[in-house]
Amino acid sequence: MALVEFADFSFKYLGADSLALKRITLTIDEGEYVVITGPSGCGKTTFCRAINALVPQFHRGYVAGNVYTDGKNTRENEVATFASVAGLVFQNPENQLVTLDVEKEIAFGPENLGVAPNEIRRRVEELIELLDLEELREKHPHEMSGGEQQRVAIAATLALKPKVLVADEPTSNLDPQSAETILKIIAHLNKKGMAVILVEHRLDLVAKDASRIILMNKGRIVADGNPREILAMDLCEEIGVGVPKATQVYKRLRTRGVELGTVPLTGVELAELVQEATSR
Amino acid sequence: MIILEDVHYSYDGVYTALRGISIQIDDGERLAVIGANGAGKTTMIKHMNGLLRPQKGRVILDGHDTKFMSVAEIAREVGLVFQNPDHQLFLDSVKKEVEFGLRNLGFTESEAEQKRQKTLTDLGLEGFAERSPFTLSGGERKRVALASVLSTEPRFLALDEPTIGQDAHQKSLLAQMLAEMNKLGRTVVVVTHDIEFVIENFPRTVAMADGQIIADGSTSMVLSNDEVIERCALALPQMTLAARAMRNVFPEVGQRLTLLSELEETIMGILGGA
Ligand SMILES: Nc1ncnc2c1ncn2[C@@H]1O[C@H](COP(=O)(O)OP(=O)(O)OP(=O)(O)O)[C@@H](O)[C@H]1O
Ligand SMILES: Nc1ncnc2c1ncn2[C@@H]1O[C@H](COP(=O)(O)OP(=O)(O)OP(=O)(O)O)[C@@H](O)[C@H]1O
Ligand SMILES: [Mg+2]
Ligand SMILES: [Mg+2]
């Protein structure tokens, strides 16, 4: 059974003129690391919301088709059913933060799931350490900087120990080193079994971690597959996706008749390919 | 010209978010402010339009101490776009949201409408005028927040993380708009974590850490300062990583390759195809 299955799913927000998602069919399995990208307004957040039933149960509208998360239909089961399965990091962290301090914020999710108090304490301490939140421990989430809020939102979601982490631009407010650190943590948790669905515009940061990239445009999935194959497509530039710099160089060289063989996703990979090409 | 003179600010009286910020921004400059999360960037930029007032030190706008000016008076000169658009947008249509600021500045209804239309089009938001900002995607909301300030073409533009949520195409549209406004004499100050955006668009960079300015100068100089890289929590761009890895094998590769085209030509040279 797939962890997430979209079966010919379409959705239009109440009062909207056009569909935000158009006939989406796909499955995402355990262990996958899927990066979702595409132009602003193409439906990425709506896609995320459909996984944990916020669409259509909280955000209402016209629905066709079905989504099954962990085998359960998101139209027929309560939103709470999906909380421990699909943990969502909101695009705007402030909209996710509901309690009075950082400790309570991290404990909030597991408390609602009925996790034992000892275990909650353990998770809170572990995440405070992992995400470098010690200094913020007693701060009110609305009295923090944007990046601090985002780190707390990520910690609060990881505290649920979800089967699949659904992270909607989780590093948009982070400084470059914090972004790298958080993405390393996510990649590490993925290796240990947590599936990841991550929305991102800056593919330089995440392409190397992904096992699969899905390109969306105007509510549809327009490409879905191996990151190297997808990013090598001209379609990326056509719809305005930010291809990694190393891949861009590869593509420019290709138009000048230089074929490096493999498609690089990072600067180091690019350098290695150039070296290999000279020693051939 | 905006001058911050030894500005101090604390939100709660215990922890001090700004500890003596001094900076002079001349008319027509393009300046980026960088720094780690919590460094005080948002706190500083909010001082530029009077939203926060220094607890010690002064903010001087065109020779006038802003202590004696109302927020409305300052806002006439300095337009601020918030990091989080939720803190900025409060009306029930995009059209009202963008025209609100214009009408406040005394533009007639038809002028306001014309400017609103142009700005929305420039930011890829044509067709959004009647929408409620609360029904927009994250990136769209940020662009409406930008539009409501950019449309008024203030003399000083202060933008807090303007590229958040923007795809590559939208980011270049924004860069283009800022360049045009700057050409017309507007001063542009951005706070951002997007170092490529800084390198490509801003000749001067101010680096902040722990509520202080630790470097201020040409962008290339500030970004090659090791203390800045460390304390501003910067990461090396992929271009630099590629250049470094290549230099280990091919000594002819330049020290500082920052542009895609430079790397491309270097590789063509190495492969003998140029
Ligand atoms: N509550 C809503 N009501 C009506 N329309 C909405 C609502 N939320 C989003 N939309 C519209 O649905 C489309 C998809 O929005 P969504 O938030 O999924 O896009 P996105 O790909 O996440 O964009 P971004 O990169 O800007 O965050 C957009 O055209 C948006 O304007
Ligand atoms: N409303 C507030 N009440 C109390 N403290 C605050 C408030 N807003 C910010 N702070 C604190 O002040 C410091 C500076 O915050 P500021 O928002 O200026 O940082 P920043 O450099 O903009 O960070 P980021 O890159 O994360 O947006 C941080 O330590 C933050 O926790
Ligand atoms: Mg979104
Ligand atoms: Mg900030």
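Here are legends for a handful of close-up views of this predicted model.

A few ground rules first: residues are numbered from 1 along each chain as its sequence is written, while chains are lettered from A and ligands numbered from 1 in the order in which they are written. Since this is a predicted model, local features need pLDDT of at least 70 and side-chain atom pairs count only at pLDDT 80 or more, while totals for chains, interfaces and linings use all residues; side-chain values use heavy atoms, with hydrogens and water left out.

**View 1. Ligand 1 sits in a site shared between chains A and B.**
Here, being around a ligand means having a heavy atom within 4 Å of it. Ligand 1 has 18 such residues, and the ones that come nearest are S40(A), T46(A), R131(B), S137(B) and E140(B). Look for the polar contacts (pairs of N or O atoms within 3.5 Å). A polar side-chain atom of E140(B) is 2.7 Å from a ligand 1 oxygen, and a polar backbone atom of C42(A) is 3.2 Å from an oxygen atom of ligand 1. On its own, ligand 1 exposes 640 Å², and the protein buries 90% of that (accessible areas come from the Shrake-Rupley method with a 1.4 Å probe). Two elements give two or more residues to the shell: α1 of chain A and α5 (138-150) of chain B. Helices here are DSSP runs of H or I with at least four residues, strands are E runs of at least two, and both are numbered from the N terminus.

**View 2. Ligand 2 also has residues from chains A and B around it, so its site is shared between chains.**
Of its 20 surrounding residues, S145(A), G147(A), E148(A), K41(B) and T43(B) come nearest. Oxygen atoms of ligand 2 pair up with side chains from both chains: S145(A) offers an N or O atom at 2.6 Å, and K41(B) has one at 2.7 Å. N37(B) joins in with a polar side-chain atom 3.0 Å from a ligand oxygen. Taken alone, ligand 2 exposes 640 Å², of which the protein buries 90%. The elements giving two or more residues to this shell are α5 (146-158) of chain A and α1 (41-48) of chain B.

**View 3. In chain A, T45(A) and Q91(A) hold the magnesium ion called ligand 3.**
The donor atoms are OG1 of T45(A) and OE1 of Q91(A), 2.0 to 2.2 Å from the ion. Donors are N, O and S atoms within 2.8 Å of the metal (3.2 Å for Na, K and Ca), and water is not among the atoms, so sites may look incomplete. T45(A) belongs to helix α1 (residues 44-51) and Q91(A) to the loop between β6 (86-89) and α3 (102-112), so the pair ties together parts that are 46 residues apart in sequence. Buried or exposed, which is T45(A)? With 19% relative accessibility, T45(A) counts as buried, and Q91(A), at 18%, counts as buried too. The cut-offs are under 20% relative accessible area for buried, over 50% for exposed, and partly exposed in between (1.4 Å probe, protein chains only).

**View 4. In chain B, T42(B) and Q83(B) coordinate the magnesium ion called ligand 4.**
OG1 of T42(B) and OE1 of Q83(B) do the job, at 2.0 to 2.2 Å. T42(B) is in helix α1 of chain B and Q83(B) is in the loop between β6 (78-81) and α3 (94-104), so this pair links parts 41 residues apart in sequence. Q83(B) is buried, with a relative accessible area of 15%.

Methods:
A polar contact is a pair of N or O atoms within 3.5 Å; within protein, one must be able to donate a hydrogen and the other to accept it, and residues adjacent in sequence count only if both atoms are side-chain atoms.
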